Amino acid sequence: MNDLSFAAGRRKPDTLYHQLAEDLAQAILAGMLKCGEKLPSVRKMSAQRQLSLSTVMEAYRELEDRGLIEARPQSGFYVRSAMAFAAPALTQPPKTPSNVVTQAEYWPYQSNQFADVKVDFGLAILNPEHFPLQPLQRLLSQISRHEPELLADYGTPPGDPELRRHIARRALAWGGHFEADDVIVTHGCLEAINLCLRAVTRPGDVVAIESPAYFGVLQMLESYQLKALEIPTHPQTGISVEALELATRNGQVKAALLLPNFSNPIGSLMPDENKRRLVELLAERNIPLIEDDLYGEFFHHGERPRPAKAFDKTGNVMLCSSFTKTLVPGFRIGWVVAGRWRRELEKLKFINTYSTSTLLQKTVARFLENGGYDHHLRKLRRAVADQLNCGAAAIQRYFPAETRLNVPQGGFVLWVELPAGINTQTLLQRSIEEGIVFAPGELFSPSRSYRNCLRICCVETWTTRHERAIQRLGQLAQALLDEQSTEELAIPAA
């Protein structure tokens, strides 16, 4: 019995709230109530069904417990995507380091084969509709008008003091205890990670990474002639700390580069206890942790997850993040708190790009100051959660029955594991002909693992256009599966 039938089939005492919960559950499972759709308010449902407010509230709580709906603060109750597919299991990458040789032909849009894209599930870049572009434009114009000298200001390598103060102040919410002087502003999160790698590694060194890992990380490792050691990773709880402990016993690992919060592409979220063990293990073995927290603000429910940096007592964690995903991609404003490597990173920043635009830093700082950022984040989180749930629901409707799917608790990327034997490079070639793009699994592994996997990015408000594209992808995947079965039947018995 799958999760859906279990959710629909559980029996409880025949109470008024249970009858209401069952009616709504059947409507959700039948698709009459779509993922992301808002349910009537408790008061409105009470009037419609002539039930007490407490009865309706009990029904909604039961649906929450069953994972069919979710409560959003100051907004109401919304339909979640019901899970028909199991999640992928713990990954099993090679146990030895790999030289990284990335597949240039599949780098984002570096080939003319991507020229006629109609539906893009390939890049983790949110649609401009999600950003407060007009308020930022007005702020930028005001600052330029009243402080024109900023246009001639080179700035300093560490960055604008006002912005650095805001970054340090916001970190207090998750237990970050560092000063504004500890923050170095960078050109996006990628420069921050690049500076960290340059500070703590040399060509030929081994870096521990998640498996699968973001292909941009693999490109960085390749460019610095570093070897990658893939660590087994669970789609829900992140890397196996036990496997990392074994992998770091012989001293070959010189650094770890990880995304504990909503990793890209698998979407995992490490529990706090695992983060604590991770930080203590690496500090004990003097292995620096480069932490990419780019997606930490994209939690869908509850409170913001703490970065591993929150458990750092020795300055061994180098925390990297940016405002490119959450606020304004075009400004390319990122930052790093480098712990005991702060002075080294300041020197490297000076050598690399000297500074980041003071005018753009000031604009972001003023936006943070006026309180608009938190309001924007709440709106953004709701939007990406809706998109992700709709994408997950569509995959479950249209993909082959043996598909495995991880629906993360944050972010906007989905990791899909198709039945064994389907090569998603082949699937991509066929989908490109119909204007549909995604990221094939091989991109995310230096050992070319995950050939039957793909990443789907839900970066736009979900429409029938996206629904049809997922439906077509499912049909193409099923066709590949059918072809494989036909070929196997055609092979004569020995």
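**Exercise 1. Find out why C320 forms no disulfide with C196.**

Solution. A disulfide is a pair of cysteine sulfur atoms within 2.5 Å. The closest cysteine sulfur to that of C320 belongs to C196 and lies 3.7 Å away, which is too far for a bond. Searching the whole structure gives zero disulfides. C457 is likewise in no disulfide, since the nearest cysteine sulfur, in C458, is 7.5 Å away.

Next, take accessibility. A residue is buried under 20% relative accessible area, exposed over 50%, and partly exposed in between, with a 1.4 Å probe and protein chains only. C320 has 0% relative accessibility and therefore counts as buried. C457, at 1%, also counts as buried.

The model is a predicted one, in which local features need pLDDT of at least 70 and side-chain atom pairs count only at pLDDT 80 or more, while totals for chains, interfaces and linings use all residues. Residues are numbered from 1 along each chain as its sequence is written, and side-chain values use heavy atoms, with hydrogens and water left out.

**Exercise 2. Decide whether helix α7 is largely enclosed or open, and list its buried residues.**

Solution. Helices (H or I, at least four residues) and strands (E, at least two) are DSSP runs, numbered from the N terminus. Helix α7 covers residues 188-200, and eleven of its 13 residues are buried, so the rest of the structure largely encloses it. The buried residues are G188, C189, E191, A192, I193, N194, L195, C196, L197, A199 and V200.

**Exercise 3. Identify which residues touch the most other members of the largest nonpolar core.**

Solution. A nonpolar core is a set of buried Ala, Val, Leu, Ile, Met, Phe, Trp, Tyr and Cys residues joined through side-chain atoms within 4.5 Å. The largest has 70 residues, and within it F323 and L345 touch the most other members. Helix α7 supplies the largest share of this core, eight residues.

Now list the partners of F323. Contact means heavy atoms within 4.5 Å. With neighbours within four places in sequence set aside, F323 contacts L163, I167, V328, I333, W335, V364, L368 and Y373. A separate second core holds 32 residues, including V119, L414, V416 and L481.

**Exercise 4. Classify the aromatic pair of Y154 and Y354.**

Solution. Rings of Phe, Tyr and Trp (its six-membered ring) pair if their centres lie within 6.5 Å; planes under 30 degrees apart are stacked, over 60 edge-to-face, and the rest tilted. The whole structure has 13 aromatic pairs. For Y154 and Y354 the centres are 6.3 Å apart and the planes stand at 85°, an edge-to-face pair. This pair links distant parts of the chain, 200 residues apart: Y154 sits in the loop between α5 (133-146) and α6 (161-171), and Y354 in the loop between α11 (342-352) and α12 (358-369).

Y154 is exposed, with a relative accessible area of 67%, whereas Y354 is partly exposed at 29%. Y354 also pairs with F350: the centres are 5.2 Å apart and the planes are at 70°, so this pair is edge-to-face. Elsewhere, ring pairs join Y214, F215, W415, F444 and Y450 into a cluster.

**Exercise 5. State how many helices and strands the protein chain has, and what share of its residues is buried.**

Solution. The protein chain has 15 helices and 17 strands. Of its 494 residues, 56% are buried. Among contacts between residues at least 6 apart in sequence, 75% join residues at least 24 apart. Along the principal axes, the C-alpha atoms fill a box of roughly 70 × 65 × 45 Å.
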